[in-house]
Amino acid sequence: MSDASLPQPPAQTVSGRTTARTAAVIPAAGRGVRLGPGAPKALRTLGGTPMLIHAVRAMAASRAVSLVVVVAPPEGAAEVRTLLDAHALPDRTEFVVVPGGETRQESVKLGLDALPPGFDIVLVHDAARPLVPVDTVDAVVEAVRDGAPAVVPALPLADTVKQVEPAAPGEPEPVVATPDRSLLRAVQTPQGFDRDTLVRAHGTVTGDVTDDASMIEQLDLAVVTVPGHEEAFKVTRPLDLVLAEAVLARRRLNDGF
Ligand SMILES: Nc1ccn([C@@H]2O[C@H](COP(=O)(O)OP(=O)(O)OP(=O)(O)O)[C@@H](O)[C@H]2O)c(=O)n1
Ligand SMILES: C[C@](O)(CO)[C@H](O)COP(=O)(O)O
C-alpha cells in the first residue's frame, strides 16, 4: 500500500508498541432527502454549527486520527474547504476534501482513492452521525489495531422486529416471522478497517450496500462488533434533529459553556 517515493508519516507509539497510522473518511455528499427540503444534510446546522463540522471534530478528537478526508457534496467542495478553514480544529490533524458521488458507496470509494500512503487503518464515518463520542471512535481503532480486519460499533435493538411480506400499496403487510432480536444489532459508524482489506472490498464488491462492513462480509472476511453508543445515532428524519439539538444542549450545559 505504501509508496516509497512519497514522504511516509512516522508510526505512532502507544505504551511502547508501534501502531499503524489511522485516517478517517467522512462521506458527507448525501442530499438528506428524508430530512426534508434544504441544504445538503451535512451542511445543515446543529447548535449553530454545520453537522459536518461536528462529525469532523468527533473524528479529530481521537488522538489516533491524524488525517480526515471529507467527501463533500459534488457542488459543495469549495464551501466545505471554507468551512474547515473557518472552524477551530486540532492542528495535529490534516484535512483533504474531495467531491462525492451518486451513492454512499461511490462517495466512500472516492474518499479512499484520495488517501495518501502511510495510513494502514481507515475509519469510515457518516457526517450524519455528528455526535459520536470519542470513546466509541477509540474503541473501533483499538479493535482494528488488535487485528480485526473490520469493526462496527453496534447496539442491541430496542424494539421487537417483524419480518413482513410485501403488500400492494395501502394494503396491510402480512407478518411472516419474529426474528430472535437477542442476535440482532443496529450498526453505527465509525466503522474501522484494515486499509488494504477495505480497498480490496471497494474494488471487488458490486451492487448496492448500505455500509462498508457488508462488503467485507461479502468477501467472507471477519467483521466484529464493539459497543456502540446511543449518541452516535444517525440524523435521518426531522425528529432526529430535535434529539441531536437536545443532546448537544445537554453537553454544553455539562461542559459549562
Ligand atoms: N451519495 C452519497 C449519499 C450519502 N452519503 C453520505 O452517507 C452518509 C449516510 O447516508 P444517509 O444518512 O442515508 O444520508 P443521505 O443519503 O443524505 O440521506 P437520504 O437517503 O435521506 O437522502 C451521510 O453522511 C451522507 O452524506 C454520501 O457521502 N454520498
Ligand atoms: C453506514 C450506516 O450508517 C450504518 O448504519 C448506514 O447504513 C448508512 O445509512 P443509510 O441510511 O443506510 O444510507
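Here are a few friendly notes on this predicted model.

1. Let me start with ligand 1. Of the 22 residues around ligand 1, those that come nearest are Pro27, Ala29, Gly30, Arg34 and Ser107. Sorted by class, this shell holds eight nonpolar, seven polar and seven charged residues.

2. Ligand 2 has its own set of neighbours: Arg104, Asp126, Val187, Gln188, Thr189, Thr210, Asp211 and Lys234. One residue of this shell is nonpolar, three are polar and four are charged.

3. Do have a look at the stretch around Thr189, one of the residues around ligand 2. The peptide bond from Thr189 to Pro190 is cis, and its omega is near 10°. Pro190 sits in the loop between strand 12 (185-187) and strand 13.

4. Strand 13 (residues 191-194) comes next, with Gln191 and Phe193 pointing one way, Gly192 and Asp194 pointing the other way, and all of them buried. Strand 13 pairs with strand 8 (residues 121-124) in the antiparallel sense over four bridges. With strand 9 (residues 150-156), strand 13 also pairs in the antiparallel sense, over two bridges. Phe193 is worth finding on screen: Val122 stands opposite Phe193, and Phe193 is also the bridge partner of Ala150.

5. Finally, a backbone detail to check at Asp220. This residue is found in the loop between helix 6 (212-218) and strand 14 (224-227). Its phi is near 65°, a positive value in a residue other than glycine. Is Asp220 buried or exposed? Asp220 counts as exposed because it has 6 C-beta neighbours inside 10 Å, and the cut-off for exposed is 12 or fewer.

Note on methods. Residues numbered from 1 in each chain as written. Chains lettered and ligands numbered in written order. Predicted model: local features only at pLDDT ≥ 70, side-chain atom pairs only at ≥ 80, totals over all residues. Near = placed C-beta within 6 Å. Nonpolar A, V, L, I, M, F, W, Y, C, P; charged D, E, K, R; others polar. Buried ≥ 20, exposed ≤ 12 C-beta atoms within 10 Å, placed from the backbone. Pairing = 2+ DSSP bridges.
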